[in-house]
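Me: I should like to understand the terms used to describe a protein structure. Please explain how each description is justified.

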Amino acid sequence: MPDAVDLIRAKRDGGTLAEDDIRWLIAAYTAGEVADEQMSALLMAVFFTGMDSAELAVWTDAMISSGERLDLSGLAAPTADKHSTGGVGDKVSLILAPLVASFGVAVPQLSGRGLGHTGGTLDKLESVPGWRAALSNDEILAVLAEVGCVICAAGPDLVPADRRLYALRDVTGTVESIPLIASSIMSKKIAEGTAALVLDVKVGSGAFMPDRTSAWQLAQTMVRLGQAHGVRTSALLTRMDTPLGRAVGNAVEVAESVATLRGEGPADLVAVTLALAAEMLRLAGIDADPAAALADGRALDRYRAMIAAQGGDPDAELPVARHAELVTAPSAGWLRALDARAVGIAAWRLGAGRARKEDPVSAAAGVICLAKPGDQVEAGQPLLELRGDDQGRFGRARQALTDAIEIGNEPPPPAEPVIDRIAG
Ligand code: URA
(Lines give C-alpha, C1' and ligand atoms only; values in the text may rest on other atoms or scores of the structure.)
Protein backbone atom coordinates (compact mmCIF):
# COMPACT_ATOMS: atom_id res chain seq x y z
CA MET A 1 0.00 0.00 0.00
CA PRO A 2 1.36 3.48 -0.82
CA ASP A 3 2.29 5.82 2.02
CA ALA A 4 0.70 9.30 1.98
CA VAL A 5 3.95 10.87 3.24
CA ASP A 6 5.90 9.44 0.28
CA LEU A 7 3.35 10.87 -2.14
CA ILE A 8 3.48 14.29 -0.46
CA ARG A 9 7.31 14.27 -0.66
CA ALA A 10 7.25 13.22 -4.31
CA LYS A 11 4.84 16.01 -5.27
CA ARG A 12 6.66 18.55 -3.09
CA ASP A 13 9.90 17.79 -4.97
CA GLY A 14 8.29 18.25 -8.39
CA GLY A 15 7.77 14.58 -9.20
CA THR A 16 4.77 12.96 -10.83
CA LEU A 17 2.45 10.49 -9.14
CA ALA A 18 1.77 7.05 -10.62
CA GLU A 19 -1.76 6.06 -11.57
CA ASP A 20 -2.16 3.50 -8.75
CA ASP A 21 -0.93 6.01 -6.19
CA ILE A 22 -3.44 8.66 -7.29
CA ARG A 23 -6.32 6.18 -7.28
CA TRP A 24 -5.34 4.95 -3.83
CA LEU A 25 -4.98 8.49 -2.47
CA ILE A 26 -8.39 9.72 -3.63
CA ALA A 27 -10.18 6.56 -2.49
CA ALA A 28 -8.40 6.53 0.88
CA TYR A 29 -9.05 10.24 1.48
CA THR A 30 -12.75 9.88 0.60
CA ALA A 31 -12.97 6.92 3.01
CA GLY A 32 -11.35 8.99 5.79
CA GLU A 33 -8.16 6.89 5.79
CA VAL A 34 -5.84 9.73 4.77
CA ALA A 35 -5.86 12.61 7.25
CA ASP A 36 -6.94 16.15 6.32
CA GLU A 37 -3.49 17.51 7.25
CA GLN A 38 -1.83 15.09 4.82
CA MET A 39 -4.24 15.89 2.02
CA SER A 40 -3.77 19.62 2.76
CA ALA A 41 -0.01 19.28 2.33
CA LEU A 42 -0.46 17.36 -0.90
CA LEU A 43 -2.91 19.93 -2.27
CA MET A 44 -0.46 22.72 -1.45
CA ALA A 45 2.29 20.79 -3.25
CA VAL A 46 -0.03 20.47 -6.28
CA PHE A 47 -0.82 24.18 -6.00
CA PHE A 48 2.89 24.97 -6.38
CA THR A 49 4.09 22.23 -8.74
CA GLY A 50 0.95 21.47 -10.79
CA MET A 51 0.06 18.16 -12.43
CA ASP A 52 0.90 16.88 -15.89
CA SER A 53 -1.92 15.91 -18.21
CA ALA A 54 -1.65 12.18 -17.45
CA GLU A 55 -1.80 12.81 -13.68
CA LEU A 56 -4.73 15.18 -14.09
CA ALA A 57 -6.70 12.69 -16.22
CA VAL A 58 -6.22 9.95 -13.61
CA TRP A 59 -6.92 12.33 -10.68
CA THR A 60 -10.21 13.37 -12.34
CA ASP A 61 -11.13 9.78 -13.13
CA ALA A 62 -10.43 8.73 -9.54
CA MET A 63 -12.70 11.54 -8.31
CA ILE A 64 -15.50 10.37 -10.61
CA SER A 65 -15.03 6.79 -9.35
CA SER A 66 -15.48 7.93 -5.74
CA GLY A 67 -19.26 7.95 -6.27
CA GLU A 68 -22.09 7.16 -8.64
CA ARG A 69 -22.63 8.26 -12.23
CA LEU A 70 -25.98 9.37 -13.50
CA ASP A 71 -27.10 7.19 -16.40
CA LEU A 72 -28.86 9.31 -19.02
CA SER A 73 -28.61 6.66 -21.75
CA GLY A 74 -32.34 5.84 -21.47
CA LEU A 75 -33.35 9.32 -22.69
CA ALA A 76 -34.47 9.55 -26.29
CA ALA A 77 -32.99 13.06 -26.72
CA PRO A 78 -29.32 14.07 -27.09
CA THR A 79 -27.92 15.61 -23.90
CA ALA A 80 -25.97 18.84 -23.42
CA ASP A 81 -25.11 20.96 -20.40
CA LYS A 82 -23.32 24.19 -19.53
CA HIS A 83 -21.10 25.05 -16.60
CA SER A 84 -20.09 28.54 -15.59
CA THR A 85 -17.08 29.26 -13.43
CA GLY A 86 -19.30 31.79 -11.66
CA GLY A 87 -19.92 35.48 -11.89
CA VAL A 88 -22.02 38.36 -10.63
CA GLY A 89 -25.56 38.53 -12.04
CA ASP A 90 -24.91 35.27 -13.89
CA LYS A 91 -28.44 33.94 -14.27
CA VAL A 92 -27.72 32.38 -17.67
CA SER A 93 -28.61 28.80 -16.58
CA LEU A 94 -32.21 29.78 -15.82
CA ILE A 95 -32.68 30.95 -19.41
CA LEU A 96 -30.33 28.62 -21.24
CA ALA A 97 -31.63 25.26 -19.96
CA PRO A 98 -35.23 25.79 -21.16
CA LEU A 99 -34.03 27.57 -24.30
CA VAL A 100 -31.87 24.65 -25.44
CA ALA A 101 -34.50 22.11 -24.29
CA SER A 102 -37.02 23.79 -26.59
CA PHE A 103 -34.90 22.45 -29.50
CA GLY A 104 -35.27 18.84 -28.33
CA VAL A 105 -31.99 18.60 -26.37
CA ALA A 106 -32.17 17.26 -22.80
CA VAL A 107 -30.34 19.58 -20.37
CA PRO A 108 -29.39 18.08 -16.98
CA GLN A 109 -28.20 21.09 -14.95
CA LEU A 110 -26.89 19.78 -11.65
CA SER A 111 -26.02 23.04 -9.89
CA GLY A 112 -24.57 24.44 -6.72
CA ARG A 113 -25.25 27.14 -4.20
CA GLY A 114 -23.51 30.47 -3.94
CA LEU A 115 -20.58 31.06 -1.65
CA GLY A 116 -18.96 34.48 -1.32
CA HIS A 117 -19.75 37.20 -3.82
CA THR A 118 -20.98 34.98 -6.67
CA GLY A 119 -24.56 33.74 -6.53
CA GLY A 120 -25.78 30.16 -6.84
CA THR A 121 -28.42 29.00 -9.31
CA LEU A 122 -30.27 26.95 -6.67
CA ASP A 123 -30.49 29.92 -4.29
CA LYS A 124 -32.02 31.99 -7.07
CA LEU A 125 -34.65 29.42 -8.02
CA GLU A 126 -35.55 28.79 -4.38
CA SER A 127 -37.09 32.27 -4.36
CA VAL A 128 -39.89 30.77 -6.51
CA PRO A 129 -42.56 29.58 -4.02
CA GLY A 130 -42.74 25.78 -3.80
CA TRP A 131 -39.73 25.06 -6.07
CA ARG A 132 -37.62 22.10 -4.93
CA ALA A 133 -33.86 21.76 -5.56
CA ALA A 134 -33.43 18.28 -4.08
CA LEU A 135 -34.60 15.58 -6.49
CA SER A 136 -33.92 11.84 -6.49
CA ASN A 137 -32.21 10.35 -9.54
CA ASP A 138 -35.56 8.94 -10.67
CA GLU A 139 -37.15 12.38 -10.39
CA ILE A 140 -34.29 13.96 -12.37
CA LEU A 141 -34.81 11.44 -15.16
CA ALA A 142 -38.59 11.90 -15.07
CA VAL A 143 -38.38 15.73 -15.34
CA LEU A 144 -35.81 15.42 -18.15
CA ALA A 145 -38.04 12.99 -20.07
CA GLU A 146 -41.18 15.07 -19.52
CA VAL A 147 -39.90 18.67 -19.84
CA GLY A 148 -36.45 18.32 -21.41
CA CYS A 149 -34.55 20.29 -18.75
CA VAL A 150 -33.98 20.12 -15.03
CA ILE A 151 -32.04 22.39 -12.66
CA CYS A 152 -31.42 20.71 -9.32
CA ALA A 153 -28.88 19.96 -6.61
CA ALA A 154 -26.22 17.33 -7.20
CA GLY A 155 -26.94 14.44 -4.82
CA PRO A 156 -24.50 13.43 -2.06
CA ASP A 157 -23.31 10.37 -4.00
CA LEU A 158 -22.12 12.33 -7.03
CA VAL A 159 -18.33 12.78 -6.66
CA PRO A 160 -18.16 12.61 -2.84
CA ALA A 161 -14.37 13.08 -3.16
CA ASP A 162 -14.96 16.62 -4.43
CA ARG A 163 -17.23 17.44 -1.50
CA ARG A 164 -14.36 16.68 0.91
CA LEU A 165 -11.58 18.09 -1.27
CA TYR A 166 -13.41 21.33 -2.03
CA ALA A 167 -14.17 21.97 1.65
CA LEU A 168 -10.49 21.36 2.46
CA ARG A 169 -9.25 23.59 -0.39
CA ASP A 170 -11.57 26.34 0.80
CA VAL A 171 -9.83 26.52 4.20
CA THR A 172 -6.24 25.84 3.07
CA GLY A 173 -5.78 28.48 0.36
CA THR A 174 -5.65 25.90 -2.43
CA VAL A 175 -8.75 26.78 -4.44
CA GLU A 176 -7.00 28.84 -7.14
CA SER A 177 -5.10 26.03 -8.83
CA ILE A 178 -5.91 25.22 -12.45
CA PRO A 179 -5.61 21.40 -12.16
CA LEU A 180 -7.59 21.36 -8.91
CA ILE A 181 -10.37 23.61 -10.28
CA ALA A 182 -10.48 21.71 -13.59
CA SER A 183 -10.70 18.28 -11.94
CA SER A 184 -13.31 19.51 -9.44
CA ILE A 185 -15.60 20.95 -12.10
CA MET A 186 -15.09 18.29 -14.75
CA SER A 187 -15.44 15.29 -12.41
CA LYS A 188 -18.94 16.51 -11.47
CA LYS A 189 -19.96 17.27 -15.05
CA ILE A 190 -18.67 13.94 -16.38
CA ALA A 191 -20.38 12.03 -13.54
CA GLU A 192 -23.61 13.84 -14.36
CA GLY A 193 -23.68 11.87 -17.62
CA THR A 194 -24.05 14.64 -20.21
CA ALA A 195 -22.76 13.79 -23.70
CA ALA A 196 -21.90 17.43 -24.55
CA LEU A 197 -20.72 20.30 -22.37
CA VAL A 198 -20.09 23.99 -22.90
CA LEU A 199 -17.96 25.79 -20.35
CA ASP A 200 -18.53 29.48 -19.67
CA VAL A 201 -15.20 30.60 -18.27
CA LYS A 202 -15.58 34.08 -16.82
CA VAL A 203 -12.76 36.61 -17.02
CA GLY A 204 -12.51 39.81 -15.00
CA SER A 205 -12.85 41.35 -11.55
CA GLY A 206 -16.01 39.40 -10.67
CA ALA A 207 -14.57 36.03 -11.74
CA PHE A 208 -12.33 33.35 -10.24
CA MET A 209 -9.80 34.06 -12.97
CA PRO A 210 -9.24 37.81 -13.21
CA ASP A 211 -6.84 37.64 -16.17
CA ARG A 212 -7.38 36.30 -19.65
CA THR A 213 -4.28 34.09 -19.78
CA SER A 214 -5.18 32.02 -16.73
CA ALA A 215 -8.86 31.85 -17.81
CA TRP A 216 -7.72 30.54 -21.21
CA GLN A 217 -5.47 27.93 -19.58
CA LEU A 218 -8.29 26.77 -17.32
CA ALA A 219 -10.66 26.55 -20.29
CA GLN A 220 -8.15 24.60 -22.36
CA THR A 221 -7.44 22.20 -19.48
CA MET A 222 -11.16 21.51 -18.94
CA VAL A 223 -11.89 21.07 -22.66
CA ARG A 224 -9.09 18.49 -22.91
CA LEU A 225 -10.33 16.64 -19.80
CA GLY A 226 -13.86 16.50 -21.18
CA GLN A 227 -12.68 15.20 -24.56
CA ALA A 228 -10.48 12.59 -22.88
CA HIS A 229 -13.55 11.28 -21.04
CA GLY A 230 -15.68 11.10 -24.17
CA VAL A 231 -17.71 14.28 -23.49
CA ARG A 232 -17.89 16.68 -26.47
CA THR A 233 -16.65 19.84 -24.75
CA SER A 234 -15.98 23.42 -25.78
CA ALA A 235 -15.56 26.69 -23.89
CA LEU A 236 -16.34 30.37 -24.25
CA LEU A 237 -14.40 33.02 -22.38
CA THR A 238 -16.88 35.72 -21.36
CA ARG A 239 -16.42 39.08 -19.72
CA MET A 240 -17.11 39.52 -16.01
CA ASP A 241 -15.85 43.05 -15.25
CA THR A 242 -19.36 44.31 -14.67
CA PRO A 243 -22.52 42.40 -13.62
CA LEU A 244 -24.23 40.40 -16.35
CA GLY A 245 -27.61 42.02 -17.02
CA ARG A 246 -29.01 44.46 -14.49
CA ALA A 247 -30.16 42.31 -11.56
CA VAL A 248 -27.88 40.82 -8.89
CA GLY A 249 -29.48 38.72 -6.15
CA ASN A 250 -31.98 35.88 -6.04
CA ALA A 251 -35.64 36.82 -6.77
CA VAL A 252 -34.46 39.83 -8.80
CA GLU A 253 -32.42 37.53 -11.04
CA VAL A 254 -35.36 35.15 -11.49
CA ALA A 255 -37.50 38.13 -12.56
CA GLU A 256 -34.84 39.26 -15.06
CA SER A 257 -34.54 35.70 -16.41
CA VAL A 258 -38.29 35.52 -17.01
CA ALA A 259 -38.18 38.90 -18.77
CA THR A 260 -35.36 37.57 -20.97
CA LEU A 261 -37.38 34.45 -21.77
CA ARG A 262 -40.16 36.82 -22.83
CA GLY A 263 -37.74 38.45 -25.29
CA GLU A 264 -37.14 41.52 -23.09
CA GLY A 265 -33.67 40.80 -21.75
CA PRO A 266 -30.68 43.16 -21.48
CA ALA A 267 -28.30 43.00 -24.46
CA ASP A 268 -25.23 41.54 -22.68
CA LEU A 269 -27.23 38.77 -20.98
CA VAL A 270 -28.98 37.88 -24.24
CA ALA A 271 -25.67 37.85 -26.15
CA VAL A 272 -23.93 35.49 -23.70
CA THR A 273 -26.98 33.21 -23.44
CA LEU A 274 -27.40 32.94 -27.21
CA ALA A 275 -23.69 32.29 -27.77
CA LEU A 276 -23.74 29.45 -25.22
CA ALA A 277 -27.01 28.08 -26.63
CA ALA A 278 -25.59 28.06 -30.17
CA GLU A 279 -22.54 26.17 -28.90
CA MET A 280 -24.67 23.60 -27.01
CA LEU A 281 -26.89 23.03 -30.06
CA ARG A 282 -23.83 22.64 -32.28
CA LEU A 283 -22.30 20.03 -29.94
CA ALA A 284 -25.67 18.23 -29.78
CA GLY A 285 -25.71 18.06 -33.58
CA ILE A 286 -28.64 20.46 -34.06
CA ASP A 287 -28.50 23.19 -36.68
CA ALA A 288 -30.84 25.95 -35.45
CA ASP A 289 -30.84 29.60 -34.42
CA PRO A 290 -31.67 29.81 -30.69
CA ALA A 291 -32.79 33.48 -30.90
CA ALA A 292 -36.13 32.46 -32.42
CA ALA A 293 -37.15 30.50 -29.32
CA LEU A 294 -36.62 33.54 -27.07
CA ALA A 295 -38.66 35.74 -29.37
CA ASP A 296 -41.68 33.44 -29.77
CA GLY A 297 -42.12 32.27 -26.16
CA ARG A 298 -41.15 28.59 -26.72
CA ALA A 299 -38.32 28.82 -24.19
CA LEU A 300 -40.59 30.55 -21.65
CA ASP A 301 -43.11 27.70 -21.93
CA ARG A 302 -40.30 25.22 -21.14
CA TYR A 303 -39.18 27.28 -18.16
CA ARG A 304 -42.71 27.34 -16.74
CA ALA A 305 -43.05 23.58 -17.24
CA MET A 306 -39.68 22.97 -15.53
CA ILE A 307 -40.62 25.13 -12.51
CA ALA A 308 -44.00 23.37 -12.19
CA ALA A 309 -42.43 19.89 -12.54
CA GLN A 310 -40.21 20.72 -9.55
CA GLY A 311 -43.13 21.85 -7.37
CA GLY A 312 -42.87 25.59 -8.08
CA ASP A 313 -45.61 28.01 -9.07
CA PRO A 314 -44.43 29.98 -12.11
CA ASP A 315 -47.27 32.49 -11.59
CA ALA A 316 -46.57 33.18 -7.92
CA GLU A 317 -45.43 36.65 -6.85
CA LEU A 318 -41.71 36.72 -6.06
CA PRO A 319 -40.60 38.09 -2.69
CA VAL A 320 -40.07 41.87 -2.61
CA ALA A 321 -37.59 43.53 -0.22
CA ARG A 322 -38.91 45.73 2.59
CA HIS A 323 -36.28 48.45 2.06
CA ALA A 324 -34.63 50.08 -0.97
CA GLU A 325 -31.97 52.79 -1.25
CA LEU A 326 -30.39 54.46 -4.27
CA VAL A 327 -26.73 55.07 -5.11
CA THR A 328 -26.43 58.14 -7.34
CA ALA A 329 -23.83 59.41 -9.81
CA PRO A 330 -21.31 61.74 -8.11
CA SER A 331 -20.79 63.69 -11.37
CA ALA A 332 -22.00 63.89 -14.95
CA GLY A 333 -20.24 62.01 -17.75
CA TRP A 334 -19.88 58.53 -19.18
CA LEU A 335 -20.18 55.55 -16.88
CA ARG A 336 -16.87 53.84 -17.66
CA ALA A 337 -16.87 51.07 -15.05
CA LEU A 338 -19.26 49.44 -12.59
CA ASP A 339 -17.17 46.83 -10.84
CA ALA A 340 -18.67 43.33 -10.79
CA ARG A 341 -16.92 42.17 -7.64
CA ALA A 342 -17.98 45.26 -5.66
CA VAL A 343 -21.61 44.93 -6.76
CA GLY A 344 -21.51 41.19 -5.93
CA ILE A 345 -20.14 41.93 -2.47
CA ALA A 346 -22.81 44.62 -1.92
CA ALA A 347 -25.59 42.18 -2.88
CA TRP A 348 -24.02 39.55 -0.63
CA ARG A 349 -23.86 41.98 2.32
CA LEU A 350 -27.49 42.93 1.75
CA GLY A 351 -28.28 39.25 2.38
CA ALA A 352 -28.37 37.69 -1.11
CA GLY A 353 -25.31 35.49 -0.43
CA ARG A 354 -23.89 33.49 2.43
CA ALA A 355 -20.57 33.56 4.30
CA ARG A 356 -20.78 29.91 5.45
CA LYS A 357 -22.31 26.91 3.70
CA GLU A 358 -25.02 26.54 6.35
CA ASP A 359 -26.19 30.20 6.28
CA PRO A 360 -29.65 31.02 4.86
CA VAL A 361 -29.95 33.58 2.05
CA SER A 362 -32.50 36.34 1.61
CA ALA A 363 -34.68 35.81 -1.47
CA ALA A 364 -35.51 39.50 -1.88
CA ALA A 365 -32.12 41.17 -1.25
CA GLY A 366 -29.97 42.36 -4.11
CA VAL A 367 -28.81 45.18 -6.33
CA ILE A 368 -30.37 46.53 -9.52
CA CYS A 369 -27.97 48.27 -11.91
CA LEU A 370 -30.01 51.20 -13.23
CA ALA A 371 -27.11 52.22 -15.49
CA LYS A 372 -24.42 50.14 -17.19
CA PRO A 373 -20.94 50.98 -18.49
CA GLY A 374 -21.30 52.89 -21.74
CA ASP A 375 -24.31 54.91 -20.53
CA GLN A 376 -24.15 58.70 -20.29
CA VAL A 377 -25.27 59.87 -16.85
CA GLU A 378 -26.21 63.13 -15.09
CA ALA A 379 -24.88 64.16 -11.67
CA GLY A 380 -27.27 62.80 -9.04
CA GLN A 381 -28.83 60.27 -11.40
CA PRO A 382 -29.61 56.94 -9.68
CA LEU A 383 -27.09 54.28 -10.77
CA LEU A 384 -27.87 51.44 -8.40
CA GLU A 385 -30.86 50.39 -6.34
CA LEU A 386 -29.97 48.44 -3.21
CA ARG A 387 -32.68 46.18 -1.84
CA GLY A 388 -32.90 44.27 1.42
CA ASP A 389 -35.11 43.26 4.31
CA ASP A 390 -32.64 44.31 7.00
CA GLN A 391 -31.95 48.04 7.13
CA GLY A 392 -28.84 47.41 9.25
CA ARG A 393 -27.08 45.82 6.26
CA PHE A 394 -27.20 48.80 3.92
CA GLY A 395 -24.22 50.69 5.39
CA ARG A 396 -21.75 47.85 4.78
CA ALA A 397 -23.22 47.26 1.33
CA ARG A 398 -22.58 50.92 0.45
CA GLN A 399 -19.01 50.62 1.74
CA ALA A 400 -18.36 47.80 -0.73
CA LEU A 401 -19.33 50.18 -3.54
CA THR A 402 -16.93 52.99 -2.57
CA ASP A 403 -14.61 52.49 -5.56
CA ALA A 404 -17.01 50.58 -7.80
CA ILE A 405 -18.14 53.42 -10.03
CA GLU A 406 -15.94 55.24 -12.54
CA ILE A 407 -17.33 58.21 -14.47
CA GLY A 408 -15.22 59.94 -17.13
CA ASN A 409 -15.38 62.39 -20.00
CA GLU A 410 -15.05 59.73 -22.69
CA PRO A 411 -17.20 56.65 -23.27
CA PRO A 412 -15.43 53.37 -22.41
CA PRO A 413 -14.09 51.29 -25.32
CA PRO A 414 -16.73 48.83 -26.63
CA ALA A 415 -16.54 45.54 -24.74
CA GLU A 416 -17.99 42.48 -26.48
CA PRO A 417 -19.38 40.08 -23.85
CA VAL A 418 -17.90 36.98 -25.54
CA ILE A 419 -14.09 37.23 -25.67
CA ASP A 420 -12.91 33.92 -27.08
CA ARG A 421 -13.93 30.37 -27.95
CA ILE A 422 -11.97 27.18 -27.36
CA ALA A 423 -13.51 24.58 -29.61
CA GLY A 424 -13.56 20.92 -28.79
N1 URA B 1 -16.22 25.35 -8.83
C2 URA B 1 -16.02 24.05 -8.53
O3 URA B 1 -16.94 23.24 -8.60
N4 URA B 1 -14.79 23.67 -8.16
C5 URA B 1 -13.75 24.50 -8.07
O6 URA B 1 -12.67 24.09 -7.73
C7 URA B 1 -13.96 25.86 -8.38
C8 URA B 1 -15.23 26.26 -8.76
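The questions and replies below concern helices, sheets and domains in this predicted model.

Me: What makes helix H2 roughly perpendicular to helix H8?

Reply: Helix H2 (residues 19-30) packs against helix H8 (residues 160-172) at an angle of about 80 degrees, and their axes are 9 Å apart. Angles of 65 to 115 degrees count as roughly perpendicular, so H2 is described as roughly perpendicular to H8.

Me: Which residues of H2 and H8 meet, and how many of them are nonpolar, polar and charged?

Reply: From H2, Ile26, Tyr29 and Thr30 take part; from H8, they meet Pro160, Ala161, Arg164, Leu165 and Leu168. The contact of H2 with H8 has six nonpolar residues, one polar and one charged. Arg counts as charged, so Arg164 in H8 belongs to the charged class.

Me: How do you know which strands are the edge strands of the open sheet of four strands?

Reply: The order in this sheet is S6-S9-S11-S7, and the pairing is antiparallel. Strand S6 (247-249) and strand S7 (323-328) each pair on one side only, and they are the edge strands. From one strand to the next, the twist averages 15 degrees.

Me: Why are S7 and strand S11 called a pair?

Reply: Strands pair if there are at least two bridges between them. S7 and strand S11 (residues 382-388) have six bridges in the antiparallel sense, so the definition of a pair is met. Glutamate 325, for example, has leucine 386 in S11 as its bridge partner.

Me: Which helices lie against strands of this sheet?

Reply: Helix H11 (residues 251-261) packs on the sheet and touches S6, strand S9 (366-369) and S11; its direction makes about 140 degrees with that of S6. Helix H15 (residues 340-352) lies across S6, S9 and S11, and runs at about 140 degrees to S9.

Me: Why is one side of S10 and of S12 left without a neighbour in the sheet?

Reply: These strands belong to an open sheet of three strands with the order S10-S8-S12 and antiparallel pairing. Strand S10 (376-377) and strand S12 (405-408) stand at its edges with a single partner strand each, so one side of each has no neighbour in the sheet. Two bridges join strand S8 (residues 333-338) to S10, so the requirement of at least two is met. Tryptophan 334 has glutamine 376 in S10 as its bridge partner.

Me: How do you know that domain 2 and domain 3 are in contact?

Reply: The protein is divided into domain 1 (4-50), domain 2 (81-315) and domain 3 (323-408). Contact requires heavy atoms within 4.5 Å, and 26 residues of domain 2 are in contact with 28 residues of domain 3. The two domains bury about 1,900 Å² between them, with 53% of it on carbon and sulfur atoms. In domain 2, His117, Arg246 and Val248 lose the most area to domain 3, together 30% of what that side buries.

Definitions and conventions
Residues numbered from 1 in each chain as written. Predicted model: local features only at pLDDT ≥ 70, side-chain atom pairs only at ≥ 80, totals over all residues. Heavy atoms only, no water. Axes fitted to C-alpha atoms, helices over the stretch in contact; angles between N-to-C directions. Parallel < 35°, antiparallel > 145°, perpendicular 65-115°, else oblique. Domains from an automatic or database assignment. Buried area = accessible area lost by both parts, 1.4 Å probe.
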